[in-house]
Amino acid sequence: MKSRTQYRKGCARTLVLKILSERPMYGYEIATTLAQRSENIFSLGQGTLYPLLYSLEKKGLICVYKKMKDKNSGRKRLYYKLTRKGEQSLGEDLATWSDIVKGMTLVLKVSYAKC
């Protein structure tokens, strides 16, 4: 079970970048979009999502800005947006993922002779 969790965490970076390539989103929106699209296979809690977002920001892959949630309440939300560097990184991640899928498919589709 531990290796499954680690594998999911390793995928989370690429998945978050992909979601943000569509449009800027706030944290909860990222988490719910990811969970919905993956049928809850990738369900990131705050303890995983926000450190990931901070790391992506520190690396220059995303930027953060505040936007008014509701003019009447005066509350602001932090929105995350993919940067040009993030777009390039996502492209590299997707190419790597494509290679991994191809390699796994080639190995796993081999039929084994019965002994």
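1. In which loop does P24 lie? P24 sits in the loop between α1 (2–20) and β1 (25–26), where helices are DSSP runs of H or I with at least four residues and strands are runs of E with at least two, numbered from the N terminus. This is a predicted model, in which local features need pLDDT of at least 70 and side-chain atom pairs count only at pLDDT 80 or more, while totals for chains, interfaces and linings use all residues. Residues are numbered from 1 along each chain as its sequence is written, and side-chain values use heavy atoms, with hydrogens and water left out.

2. On the overall architecture, the chain has four helices and three strands, and from the N terminus on these elements follow the order α-β-α-α-β-β-α. The radius of gyration of the chain, taken over C-alpha atoms, is 18 Å, well over the 13 Å that the globule rule (2.2 Å times the number of residues to the power 0.38) gives for 115 residues, so the chain is more spread out than a compact globule. The C-alpha trace spans about 75 × 30 × 20 Å along its principal axes.

3. On burial and surface, 29% of the 115 residues of the chain count as buried, a term that stands for under 20% relative accessible area, with exposed meaning over 50% and partly exposed in between (1.4 Å probe, protein chains only). The chain exposes about 8,600 Å², of which carbon and sulfur atoms supply 54%, with areas from the Shrake-Rupley method and a 1.4 Å probe.

4. Among contacts (heavy atoms within 4.5 Å) between residues at least 6 apart in sequence, 50% join residues at least 24 apart. Not counting residues up to four places away in sequence, P24 touches E29, Y65, Y79, Y80 and K81, and P24 is partly exposed, with a relative accessible area of 28%. The C-alpha atoms of P24 and T96, which are 72 residues apart in sequence, are 24 Å apart in space.

5. Helix α2 covers residues 27–37, and its buried residues include G27, E29, I30, A31, T33, L34 and A35. Y50, in helix α3 (residues 46–58), touches G27, Y28 and Y80, again leaving out residues up to four places away in sequence. The C-alpha atoms of Y50 and G27 are separated by 7.5 Å, although the two residues are 23 apart along the chain, and Y50 is partly exposed at a relative accessible area of 24%.

6. The backbone after α2 deserves a comment. Most residues other than glycine have a negative phi. E39, just after α2, takes a positive phi of about 55 degrees, and N40, which is not a glycine either, has a positive phi of about 65 degrees. E39 lies in the loop between α2 and α3, as does N40; E39 counts as exposed at 69% relative accessibility, and N40 is exposed with a relative accessible area of 55%.

7. On cysteines and charges, the count of disulfides, defined as pairs of cysteine sulfur atoms within 2.5 Å, comes to zero. C11 counts as buried at 16% relative accessibility, whereas C63 is partly exposed, with a relative accessible area of 31%. The chain carries 23 positive and 9 negative charges whose mean positions are 4 Å apart, with Lys and Arg counted as positive, Asp and Glu as negative, and His and the chain ends not counted; each charge is placed at NZ of Lys, CZ of Arg, CG of Asp or CD of Glu.
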